[in-house]
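Visitor: I am new to this structure and should like to understand the terms used for it. Please take me through the reasoning step by step.

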Amino acid sequence: MYLKEIFAELQVEDFGWAGIPLCLVWLQSSQFFLLLCLSTGLQMVVQQLTRMTDSSHQQHKAEANILVLGAENVGKSESIYTHNISLDGRDTSFSIWDSVCPQKPSLQSCVSEEQLRWADGFILVYSLCDRDSFSVVRQQLQRIRQLKKRHSSTPIIIVGNKRDLQHRRQISSEEGRLLAITSDCDFFEISAAETYHGSLVVFHQLLERVRASRSLSKKNVGIKGIVRSMSAVFGRRRTE
Ligand SMILES: Nc1nc2c(ncn2[C@@H]2O[C@H](COP(=O)(O)OP(=O)(O)OP(=O)(O)O)[C@@H](O)[C@H]2O)c(=O)[nH]1
């Protein structure tokens with residue numbers, strides 16, 4: 001019955017026995033057609049899914065917690081112009097904790113343990129016409145290094161703000177840079193109130209550093225894993 005219907009569809013009643021191989025060819029080709037449809041459909045679904053994943057990757061925002069530290073009145077708030085910047089063509093959002101520190105802090109009071117745990121990167125701001133604010137940055141550096149001993153790669157940027165006030169300068173560029181070099185930090189002098197470009201460069205640099213330090217710690221985990229599995233293999237060989 002079924003064969004007859006196929007014959008009818010193919011209009012091969014007059015083909016006699018020759019109709020059977022023809023019918024089989026038709027059956028095979030229709031199965032092939034079905035398979036083709038299925039695979040094309042699947043391909044389209046996969047392509048759509050890939051496209052969706054790609055776009056969600058593009059929309060994915062790299063997050064970073066940035067702690068902005070410094071004495072009072074150094075221009076920390078002025079330095080924070082944006083919470084969303086485009087880095088390598090990707091929108092990057094980050095949280096900023098703008099923390100006020102007393103002008104003459106104790107080592108413990110200038111940065112809390114909670115802040116240190118929270119932050120992926122630090123921006124330490126001083127006013128280059130205020131020596132006390134520079135001393136505060138020194139203390140904060142000491143405190144961060146003390147508490148983040150195990151995370152020595154945590155990125156820190158030292159920023160000398162109010163570069164426009166040259167006539168009132170108390171800290172030379174060399175002094176600022178020297179502190180940065182000896183503490184393994186980056187260094188910038190900016191004028192946050194004059195233009196946002198300087199602050200933008202600082203945040204760009206810090207986010208780059210945060211990314212680099214993250215991939216470094218991932219790599220270290222990878223290397224540790226390889227060493228562990230290699231020593232397991234060699235250890236077993238020795239006992240055999
Ligand atoms: N000339 C000059 N003034 C600036 C600059 N940046 C900030 N200021 C001024 O410095 C003062 C303090 O700026 P803020 O951004 O409030 O400083 P802050 O560090 O956030 O101060 P706190 O809120 O006390 O922690 C303001 O009057 C700003 O206009 C700068 O680059 N040049």
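Guide: A polar contact is a pair of N or O atoms within 3.5 Å. The model before you is predicted.

Visitor: What makes the pair of Asn161 and the ligand a polar contact?

Guide: A polar side-chain atom of Asn161 lies 3.1 Å from a nitrogen atom of the ligand. The cut-off is 3.5 Å, so the pair counts as a polar contact. The protein covers 71% of the 640 Å² of accessible area that the ligand has on its own.

Visitor: Which backbone atoms lie at such a distance from an oxygen atom of the ligand?

Guide: A polar backbone atom of Asn73 is 3.0 Å from an oxygen atom of the ligand, and for a polar backbone atom of Val74 the distance is 3.2 Å.

Visitor: Which residues surround the ligand?

Guide: There are 16 of them, and the closest are Asn73, Gly75, Lys76, Ser77 and Asp164. Helix 3 (residues 76–79) gives the most to this shell, with 3 residues. By character, the shell divides into 6 nonpolar, 5 polar and 5 charged residues.

Visitor: Why is the pair of Arg131 and Glu175 called a salt bridge?

Guide: The closest N and O atoms of Arg131 and Glu175 are 2.9 Å apart. A salt bridge requires a side-chain nitrogen of Lys or Arg within 4 Å of a carboxyl oxygen of Asp or Glu, so the pair qualifies. Arg131 is in helix 6 (residues 131–147) and Glu175 in helix 7 (residues 173–182), 44 residues apart. By this rule the count comes to 4 salt bridges.

Visitor: Why is Glu189 called buried, and Arg169 partly exposed?

Guide: Buried means under 20% relative accessible area. Glu189 has 14%, and is therefore buried. Arg169 has 24%, which falls between 20% and 50%, so Arg169 is partly exposed. The side chains of Arg169 and Glu189 meet in a salt bridge of 2.8 Å, N to O. Arg169 is in the loop between strand 5 (156–161) and helix 7, and Glu189 is in strand 6 (residues 186–189), 20 residues apart.

Visitor: How do you know that Arg209 and Asp186 form a salt bridge, and what does the pair tie together?

Guide: Their side chains meet at 2.6 Å, N to O, and the limit is 4 Å, so the rule is met. Because Arg209 lies in helix 8 (residues 197–239) and Asp186 in strand 6, the pair ties together parts that are 23 residues apart in sequence. Arg209, at 37% relative accessibility, counts as partly exposed, whereas Asp186, at 16%, counts as buried.

Terms used. Residues numbered from 1 in each chain as written. Predicted model: local features only at pLDDT ≥ 70, side-chain atom pairs only at ≥ 80, totals over all residues. Heavy atoms only, no water. Near = heavy atom within 4 Å. Polar contact = N/O pair within 3.5 Å; in protein donor to acceptor, adjacent residues only side chain to side chain. Areas by Shrake-Rupley, 256 points an atom, 1.4 Å probe, with all protein chains shown as cover. Helix = DSSP H or I, 4+ residues; strand = E, 2+ residues; numbered from the N terminus. Nonpolar A, V, L, I, M, F, W, Y, C, P; charged D, E, K, R; others polar. Buried < 20%, exposed > 50% of the residue type's maximum accessible area, 1.4 Å probe, protein only.
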